[in-house]
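Here is a short tour of one protein chain, written to be read with the structure open beside the text. Take a moment to look it over, then follow the headings below.

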Amino acid sequence: MQPNDLPSPANRLICPHCGNEHDFYEIAEDVVITTHYIQNQDGSFTPEDDDTQVLGGIKLLCGQCQGDLSEFHQRFTEMLF
Ligand SMILES: [Zn+2]
């Protein structure tokens, strides 16, 4: 499928620096990952659930030019399925 085959929805995120609309990185700073383990009879452990807490900021970066797209992060999360 060619990108030009479909009309771009107006809300497509496009890097204002280089025009990239394909690759993006989300970077979370100061992440605390808590994992709950149950110890089994034989002494092995089974992870029950984990919880990720982001204490720092979350950045959105362009995958092409590494430009800071954090101002679009809110929109990014709304379009995350
Ligand atoms: Zn870019």
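## Terms and overall layout

Strands here are DSSP runs of E with at least two residues, helices are runs of H or I with at least four, and both are numbered from the N terminus. With that in hand, a loop such as the one between β1 (24–28) and β2 can be placed, and D30 lies in this loop. Please keep in mind that the model is a predicted one.

The protein chain holds one helix and four strands. Their order along the sequence is β-β-β-β-α. The chain has 81 residues, and 5% of them count as buried. Among contacts with a separation of 6 or more, 51% join residues 24 or more positions apart.

## The hairpin of β2 and β3

Strand β2 covers residues 31–39, and strand β3 covers residues 45–54. The two pair in the antiparallel sense, over nine bridges. As one example of the register, V31 stands opposite V54 in β3.

Together β2 and β3 make a hairpin, with five residues between them. In the turn you will find G43, whose phi is positive, at about 90 degrees. How many of the nine residues of β2 are buried? The number is zero, so β2 lies largely in the open.

## Two residues of β2: I33 and H36

I33 is a good place to look at β2 in detail, as this residue lies in that strand. Is I33 buried or exposed? It is exposed, because 9 other C-beta atoms lie within 10 Å, and a residue with 12 or fewer falls in the exposed class. Setting aside neighbours within four places in sequence, I33 is in contact with D50 and T52. The C-alpha atoms of I33 and T52 are 4.5 Å apart in space, although 19 residues separate the two in sequence.

Further along β2 sits H36. H36 counts as exposed because it has 10 C-beta neighbours inside 10 Å. Beyond its neighbours within four places in sequence, H36 is in contact with E48, D49 and D50. Between H36 and D50, the C-alpha to C-alpha distance is 6.0 Å, with the residues 14 apart in sequence. D50 is thus a partner of I33 and also of H36.

## Positive phi in two loops

Two loop residues deserve a look at their backbone angles. D30, in the loop between β1 and β2, has a positive phi near 50 degrees and is a residue other than glycine. D30 counts as exposed because 9 C-beta neighbours lie inside 10 Å.

The other is Q66, in the loop between β4 (58–62) and α1 (73–78). Q66 is not a glycine either, yet its phi is positive, at about 60 degrees. Is Q66 buried or exposed? With 12 C-beta neighbours inside 10 Å, Q66 counts as exposed; that class takes in residues with 12 or fewer.

## I58 in β4

I58 belongs to strand β4. This residue is partly exposed because 14 other C-beta atoms lie within 10 Å, a value between the cut-offs of 12 or fewer for exposed and 20 or more for buried.

Which residues does I58 touch, not counting those up to four places away in sequence? They are E26, I27, A28 and H73. Of these, E26 is 32 residues from I58 along the chain, and the C-alpha atoms of the two are separated by 6.9 Å.

Technical notes. Residues are numbered from 1 along each chain as its sequence is written. This is a predicted model: local features need pLDDT of at least 70, side-chain atom pairs count only at pLDDT 80 or more; totals for chains, interfaces and linings use all residues. Two residues are in contact if their C-beta atoms, placed from the backbone, lie within 7 Å. Two strands pair if DSSP finds at least two bridges between them.
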